[in-house]
Amino acid sequence: MKFRELSVYFDKISQNSSRLEITRILAELFKKLTTDEIEKVVYLLQGKVAPEYEKIEFGLSEKLIIKSIVLALNIEREYFEKEYKKIGDLGETVEKFKTEIFSFEESNPEIKEIYDNFYKIAISSGEGSQELKLGILSHMIRQVDPLSARFLVRIPTGNIRMGFSDMTILDAYSWMIKKDKSLRPIIEKAYHVRPELGYIGKVLKEKGIEVIKKIEPKVFTPIIMMRAERLSSAKEILKQIGRCFVEPKFDGFRLQVHYKKGFNPEIKLFSRSLEDVSFMYPDIIEAVKKQVKASEMIFEGEAVGYDYSIGKFLPFQETVQRKRKYQIEEMSKKIPLKFFVFELLYKDGKSFINEPFIKRRKELEKSIITKKNLKEETILIADEQIINEEKKLEELFDKAVKENLEGIMAKKIDGVYKPGAREWNWIKYKKSYSSKIKDTIDCLVMGYDLGKGKRADFGIGAFLVGVYDEKNNRFLTVAKIGTGLTDEEWKQLKIKSSKFKVQKKPDNYLVDKTMESDIWLKPSIIVEIRADEITKSPVHTAGLALRFPRLERFRDDKNISDITTFEELKKLIIR
Ligand code: AMP
């Protein structure tokens, strides 16, 4: 199919807001495409060139895209930008210019050609890559007709705005085959094993639904992880699943390991959100090389920090500090990890996800070399016992909590591994983590976002607050507060802030990427915050977050040294 025809579909979809109607249009489009095209189109529809987990980005700033456009159309930049300002959408602005300026180079390219070019743009990096990206994009702009140009430039801006999710695409796959959504559960199941939307479409078109039913895991494609149901007593657990395996519930973070043997073994670690986090845990990678006995394997476990000096596991808020992009070596010495493995999903050409748990576990035990020595080894197999008695189960729970663990996991003996599902095959029984707090907390205002909507008038939106980590002389975030202030309080905060703005984030602020502020403030403003609870948090660098935080008052009377410390905050959690 030509990119021009695809653009007509893009246009139809963008004018539609009914999900059902979009599903129908997509199905019609998918039907017309070849097997190769469907894979590519599904990614282009989402402004991507690869599945989400591969995190391949175009690396094209708006500035560079505009540069490509003016180069392609041979027009003045100022003139283009003036029009762009008026129209407000880059795609429509290009379309307008393309309509007015005819180009002899219009060649009505195939989808494949456009996709391949976008792929080249996405994978080029390093020296000279900006020129390369610029060259390819401007060439494509010259090649296509006006309507295609509109969508072409929207693809790399991440602004394709089709307004549908992966699930709509899965629905459309079903519709393509059966003219209804009835096959969606089967297709979704396959997608959980191989979360590559394009690949699923390709297999469906090429081989049909029967092959999709039997789809198998593939090493280095992360499998969407199974989740656990929750109960709060041994009695309920035994009533639900009867005699079961019980394992400690380690309080760290889950990793899915993909391994391929070789002179230089290939290893990838994926987080629960399917992010490739291999570079963060060199200690686990080394241990996998030493302790895995297989040619190819996919397995899972929980990594948890360990304190050698006292022989105990570290609390979650310390373990979570291993999740970082810099100073990896240094941190891996400071917070050594133990990796407790508990699931085998694939080994040497055989999928284990549909095998009963007991069988997966037996094979896992055969596949990890271990002396069961916590002091000497990084990878261990999670302890487990078969339990049939309430009293015994409660005892295991108490023992786990005493050892600084989160509780226990009960696993159905013959349960299969259900990618992406939360079902009764796994049941968690946890100590209560959240705790009501009566006391207020004195926090530092670390930065704020520029307001949106009504808040734009104040020029200040949500603000980020943190506590002081005395041991390491740095500030850790605990909340982002965007509501609950009076207009007067917002104004006050803005005025106070104006004196303390700094160009970049102070070095001793430890902030997760998702919590970055538009404006950074040096340590000066102290606020007293009231919250309902303290909960565990993977996005706040304290590893703890305040739930429903509210500004009690500004504490101009306090000094930086009065800010609640990380240690004090931890003490507020009543166990
Ligand atoms: P939660 O995050 O509270 O929903 O609990 C589920 C998580 O517990 C899993 O995603 C794992 O990260 C973690 N976990 C800790 N120990 C185990 C275990 N023995 N078996 C399975 N999951 C575990």
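The exercises below work through the ligand site, one sheet and two loop residues of a predicted model.

**Exercise 1. Describe the residues around the ligand by class, and state which come nearest.**

Step 1. The shell around the ligand consists of 13 residues. By class, eight are charged, five are nonpolar and none is polar.

Step 2. The residues that come nearest are Arg254, Arg272, Glu302, Lys428 and Lys430.

Step 3. Turn to the secondary structure. Strands S2 (244-249), S11 (407-412) and S12 (422-430) each contribute at least two residues to the shell.

**Exercise 2. Find polar contacts of the ligand with Pro248, Arg254 and Lys428, and state how much of the ligand the protein covers.**

Step 1. Apply the cut-off: a polar contact is a pair of N or O atoms within 3.5 Å.

Step 2. Check the side chains. A polar side-chain atom of Lys428 is 2.3 Å from a ligand oxygen atom. For Arg254, a polar side-chain atom is 2.7 Å from an oxygen atom of the ligand.

Step 3. Check the backbone. Pro248 places a backbone N or O atom 3.0 Å from a nitrogen atom of the ligand.

Step 4. Consider the cover. On its own the ligand has 490 Å² of accessible area, and the protein covers 91% of this.

**Exercise 3. Give the strand order of the sheet that contains S1, and identify its edges.**

Step 1. The sheet is open and has five strands, in the order S1-S12-S11-S2-S10, with mixed pairing.

Step 2. Strand S1 (227-230) and strand S10 (385-387) are the edges, each pairing on one side only.

Step 3. Ignoring direction, neighbouring strands of this sheet are turned by 45° against each other on average.

Step 4. Look at one pair. S1 and S12 are joined in the parallel sense over four bridges. Ala228 has Glu423 in S12 as its bridge partner.

**Exercise 4. Which strands do helices H14 and H19 meet, and at what angles do they run?**

Step 1. Helix H14 (residues 234-241) packs on the sheet and touches S2, S10, S11 and S12. The direction of H14 makes about 165° with that of S12.

Step 2. Helix H19 (residues 390-402) lies across S2, S10, S11 and S12. The angle of H19 to S11 is about 135°.

**Exercise 5. Locate Gln327 and Asn473, and say why their phi values deserve a note.**

Step 1. Most residues other than glycine have a negative phi.

Step 2. Gln327 has a positive phi, near 50°. Gln327 sits in the loop between helix H16 (316-319) and helix H17 (328-334).

Step 3. Asn473, not a glycine, has a positive phi of about 45°. Asn473 lies in the loop between strand S15 (463-469) and strand S16 (474-481).

Key:
Residues are numbered from 1 along each chain as its sequence is written. This is a predicted model: local features need pLDDT of at least 70, side-chain atom pairs count only at pLDDT 80 or more; totals for chains, interfaces and linings use all residues. Side-chain values use heavy atoms; hydrogens and water are left out. A residue is near a molecule or strand if one of its heavy atoms lies within 4 Å of it. A polar contact is a pair of N or O atoms within 3.5 Å; within protein, one must be able to donate a hydrogen and the other to accept it, and residues adjacent in sequence count only if both atoms are side-chain atoms. Accessible areas come from the Shrake-Rupley method with a 1.4 Å probe; for residues, only the protein chains shown count as cover. Ala, Val, Leu, Ile, Met, Phe, Trp, Tyr, Cys and Pro count as nonpolar, Asp, Glu, Lys and Arg as charged, and the others, Gly among them, as polar. Two strands pair if DSSP finds at least two bridges between them. Axes are lines fitted to C-alpha atoms, for helices over the stretch in contact, and angles run from 0 to 180 degrees between N-to-C directions. Contact means heavy atoms within 4.5 Å.
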